[in-house]
Amino acid sequence: MMARAMALKFDDGFEADYFLAVNAGSDSDTYAVWVDYAEVDPAGIYYYVGKGFACDDGMLDEDAGGNNPYGIMCTLNNSNIAGVTGGSGAGNLPPQDPGAVTTGVEMAIPLEIIGVPNGDFKMCLFINGVSHDYLSNQVLQGIGYGDNLGEPRNVDFTTIGGAPAADDQFVVITNSNDCGACCYGDPLECIVTTAAECAGLGGTHFMGFTCDEISCGDPVGACCYDDESCQDLTEVACIADGGEWLGGESTCLTNPCTFGACCYDDGRAAACIDGIRQDECLDTYAGTWQGDGSSCDPNPCNSGACCVGAVCVDNVSEQICVYSGGTFLGDATICAVGSCGNSAGQPVVDGILDAGYGTALAVQDTKTEYGNNTDATIDTADGSELDAAYAMIIDDTLFLLVTGNLQSNYNKLYLWFDVRDGGQNVLRDDNPDNIDYGNMNNAAGLTFDVDFDADYHLNINNGNGNVYAKLRRAALLRSRLGR
């Protein structure tokens, strides 16, 4: 008979799972109640539970074809003469007081038959006609003092305003008993009880599950849900609850159900994959988990140069760079002069003297033996000359300008630096031989001035058509540094 009301629409936020019907009438000389129970699902379970009696102990008689395996109890007391008034329209006005009525239909419903709710749950209740085809105005919560609602298939509770408490035609039942299946004992047994009682039995509690959904002999592991929540359950219980079981060695203590980013080696470089769980990162990708809620944007897996203002920092991940308020220059980049723009007073490295250099450190007093440059091009030169040297240090960077020309025939400009104790006053022949094809060692025996002991060497050359040979390039051309 429930099928007649299939078009009935409940309030928003109420999605029916179970149905319980109680009707009362005269059975021979005795007034009786009959109870029916069903899951609201095409494949759900249906029971005619049994018959009880008014003002009785609530036990239901199954002898007349009833089936009450869970022990539902029900009775009623119809002695009430107070409460709401008869008729419809204006409805329940003082001195009527429905809240003071103390008798009615009472039942005991084992939580097991309504899925052992995990937390609070909702209930919608109303009076229907003898043939299940005429819905009364007696609904809790109320409908706002209106007339009977009539054919249930035409009722839409979302359009009905309730009174006096709320617009919703359902009530919320607080569930503080945290009932569920409990596996305990040796051999293992299963009962439905509270977490506290299960703990007292030394058992493992599965809140919200019936014993039919639990296999007590199976291992317990983390069960993950789409909302990233987690429960420690058996595999059977996890799957029954629509979760993803992570295995008997897993546990919710490690919070394994949240999604995040994973850094892994894709065979070419450090790669990042988004929206996976920690176990998948470790087991499938052999990667490094970046933490709950982490993301590949910005990328935590790559590293390169980062500009924080005008300061450049090497080997920083994009994520750390961005979170520090910096600008990431790209994967595998390195800091170079001018990478982050110029600091206050910092010269532009363009081969042109800036006023900030100040006075020259040294000025030439000797003519060039092989001819000065007579061509005004900015890249090639038909002679070499060194006219002056200027230097300044800003933000831990030495800016150096050597004015003049560098002939475009692969002539070498050598720079030597004495910065610490223990250098070479007389150049040895055992220095790195990869400096410009061993040319540094070709200068073995060169003796510097007293008190100059070379520690570092910078070699610069200029050749026709060779990009790094142009004097206007940053960092005084492409250099090779040996120690």
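**Figure 1. Ala-388 and its partner in an open sheet of three strands.** In this predicted model, Ala-388 stands opposite Thr-403, a residue of strand 24. Strand 23, residues 385–394, and strand 24 pair in the antiparallel sense, and nine bridges connect them. The sheet is open and has the strand order 22-23-24, with antiparallel pairing. Strand 22 (362–363) and strand 24 (397–405) are the edge strands; each has a single partner strand, so one side of each is left without a neighbour in the sheet. Strands of a sheet are held in pairs by backbone hydrogen bonds, and the pairing may be parallel or antiparallel.

**Figure 2. The hairpin of strand 10 and strand 11.** Strand 10 covers residues 179–184 and strand 11 covers residues 189–194; the two pair in the antiparallel sense over six bridges. Cys-183 has Cys-190 in strand 11 as its bridge partner. Four residues lie between the two strands of this hairpin. In the turn, Gly-185 has a positive phi of about 85°.

**Figure 3. A salt bridge between distant parts of the chain.** Asp-455 and Arg-420 form a salt bridge, in which the closest N and O atoms are 3.7 Å apart. This pair links distant parts of the chain, with the two residues 35 apart. Asp-455 belongs to the loop between helix 5 (439–442) and strand 26 (456–463), while Arg-420 belongs to the loop between strand 25 (409–417) and helix 5. Is each partner buried or partly exposed? Asp-455 has a relative accessible area of 11% and is therefore buried, whereas Arg-420, at 45% relative accessibility, is partly exposed. Side chains of opposite charge can pair when their charged atoms come close.

**Figure 4. Two further salt bridges.** The count of salt bridges comes to four, and two of them are described here. Glu-151 forms a salt bridge with Arg-153, and their closest N and O atoms are 3.1 Å apart. Arg-153 counts as partly exposed because its relative accessibility is 39%. In the other view, the side chains of Asp-430 and Arg-428 meet in a salt bridge of 3.0 Å, N to O. Arg-428 has a relative accessible area of 43% and is therefore partly exposed.

**Figure 5. A patch of negative charge on the surface.** Which residues gather in this patch of negative charge? They are Asp-226, Asp-227, Glu-228 and Asp-292. Glu-228 is located in the loop between strand 13 (220–224) and strand 14 (230–234). With a relative accessible area of 31%, Glu-228 is partly exposed; a residue enters a patch with over 30% relative accessible area and no salt bridge.

**Figure 6. A nonpolar patch on the surface.** Val-22, Val-105, Met-107 and Ile-109 form this nonpolar patch. Together they have about 290 Å² of accessible area. One of these residues, Val-105, is found in strand 5, residues 105–108. In a regular strand the side chains alternate between the two faces of the sheet.

**Figure 7. Asp-167 in its loop.** Asp-167 lies in the loop that runs between strand 8 (139–140) and strand 9 (171–173). The relative accessible area of Asp-167 is 52%, so this residue is exposed. Asp-167 and Phe-157 are ten residues apart in sequence, and the distance between them in space is 9.0 Å, C-alpha to C-alpha.

Conventions
Residues are numbered from 1 along each chain as its sequence is written. This is a predicted model: local features need pLDDT of at least 70, side-chain atom pairs count only at pLDDT 80 or more; totals for chains, interfaces and linings use all residues. Side-chain values use heavy atoms; hydrogens and water are left out. Two strands pair if DSSP finds at least two bridges between them. Patches are made of residues with over 30% relative accessible area and no salt bridge: like charges are joined within 9 Å, nonpolar side chains (Val, Leu, Ile, Met, Phe, Trp, Tyr) within 5 Å. Accessible areas come from the Shrake-Rupley method with a 1.4 Å probe; for residues, only the protein chains shown count as cover. Lys and Arg count as positive and Asp and Glu as negative; His and the chain ends are not counted. The place of a charge is taken as NZ of Lys, CZ of Arg, CG of Asp or CD of Glu. Buried means under 20% relative accessible area, exposed over 50%, partly exposed in between (1.4 Å probe, protein chains only).
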